[in-house]
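Reader: Hello! I am new to this structure and would love a close look at one part of it. Could you walk me through the place where the chains meet?

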Amino acid sequence: VITEGAVGDLRAVCPEATEMMEGAVRYIYLPDLRLPAGNVPSVVEGLLRPGAGSDGYTSRLFLSHAFPTKGQNWTVHQIVAKTWHTPSFNLVPADLPLLDILANHLRVFV
Amino acid sequence: MANAMFYSWQKLLCSKELRQVLVFLGRVRRFMCNSLVFLLVDSAVGSQPLYEEMHMHKNEDDEHKDKKVKILVDSHPKHLSPGQYLVSDLKIAVDVPAEKELDLVVNGALTPLADTATIVVAEGEVFFSHVRRGGSS
């Protein structure tokens, strides 16, 4: 269960973070996700899935843009009627605080 | 003759002029004493501002050395001396376990810091620490 407090922690870096659902899957929508310096574009939309999914990933971060030079094996997904891109980055546990989950997924973009 | 001298001396001692002379000498004496006192006081007090000034500069130097700035680590305020830090040393200074990764918020972006990197702490930096998990597959 994602509490408002947990999302509130995430708002320290994504002020407009909001929770949304697609079916039974929870996502955190991050409309102005800022990536570490050196990434173009530096601000993207993000969709954090803080739990496990049918894809076998323990958690996942989807972005509105692909960054093929960062991470590995980028794939395209349709979620909440929008196209998202994500690298293959796994084993970030779902029981971590949301900010920790996001921070670990963002390590791809350093 | 002797009597004449005695009476003259007595007359002189009782004369208004002599009293005026004595009063004048008394004033001179007080003035001299006061001057001496002022001189001593000036000697003592006059050097005090210099001491205070030196002491004040010492305090300013100490304050500069001991100056602390506030940063945020995991939303908690931490106070430490400004300057350049090795990230691993910064973790120790702000009580972040060595096994955790430290991220600096740069222009709103979470930016992971390598333990061997150096960072300049000035004032108001925002850090988050987190466990390292996951990897590309």
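How many residues does the contact take from chain A, and how many from chain B?

Author: Welcome! One thing to keep in mind from the start is that this is a predicted model. In that model, chain A brings 24 residues to the contact and chain B brings 19 residues. Together the two chains bury about 1700 Å², and 59% of that lies on carbon and sulfur atoms. Three residues of chain A stand out here: A:Val13, A:Arg34 and A:Arg107 supply 27% of the area that chain A buries against chain B, more than any other three residues.

A:Arg107 is worth a second look. Its side chain meets that of B:Glu101 in a salt bridge, with 3.8 Å from N to O. The count of salt bridges between chain A and chain B is one. Polar contacts add to the picture, with seven residue pairs found across the interface, both residues of each pair being at pLDDT 80 or more.

Now let us see which elements of chain A are involved. Both β7 (89-90) and α2 (98-106) supply at least two residues each to the side of chain A that touches chain B. The largest share, six residues, comes from α2(A). Sorted by class, that side of chain A has 15 nonpolar, six polar and three charged residues.

The strand β7(A) also pairs across the chains. Two bridges join β7(A) to strand β8 (residues 135-136) of chain B, and these strands run antiparallel. For A:Phe89, the bridge partner in β8(B) is B:Ser136.

To place these pieces, it helps to step back to chain A as a whole. Chain A has two helices and seven strands, and along the sequence they follow the pattern α-β-β-β-β-β-β-β-α. The C-alpha trace of chain A spans about 35 × 30 × 25 Å along its principal axes. A compact globule of 110 residues would have a radius of gyration near 13 Å, and chain A agrees because its value is 13 Å.

Just before β7(A) in the numbering of strands come β5 and β6, which form a pairing inside chain A. Strand β5 (residues 75-79) is joined to strand β6 (residues 82-86) by five bridges, and the two run antiparallel. A:Ile79 has A:Lys82 as its bridge partner in β6(A). The hairpin of β5(A) and β6(A) has two residues between the strands, and A:Val80 takes a positive phi near 40° there.

Key
Residues numbered from 1 in each chain as written. Chains lettered and ligands numbered in written order. Predicted model: local features only at pLDDT ≥ 70, side-chain atom pairs only at ≥ 80, totals over all residues. Heavy atoms only, no water. Contact = heavy atoms within 4.5 Å. Buried area = accessible area lost by both parts, 1.4 Å probe. Salt bridge = Lys/Arg side-chain N within 4 Å of Asp/Glu carboxyl O. Polar contact = N/O pair within 3.5 Å; in protein donor to acceptor, adjacent residues only side chain to side chain. Helix = DSSP H or I, 4+ residues; strand = E, 2+ residues; numbered from the N terminus. Nonpolar A, V, L, I, M, F, W, Y, C, P; charged D, E, K, R; others polar. Pairing = 2+ DSSP bridges. Rg over C-alpha atoms; globule rule 2.2 N^0.38 Å.
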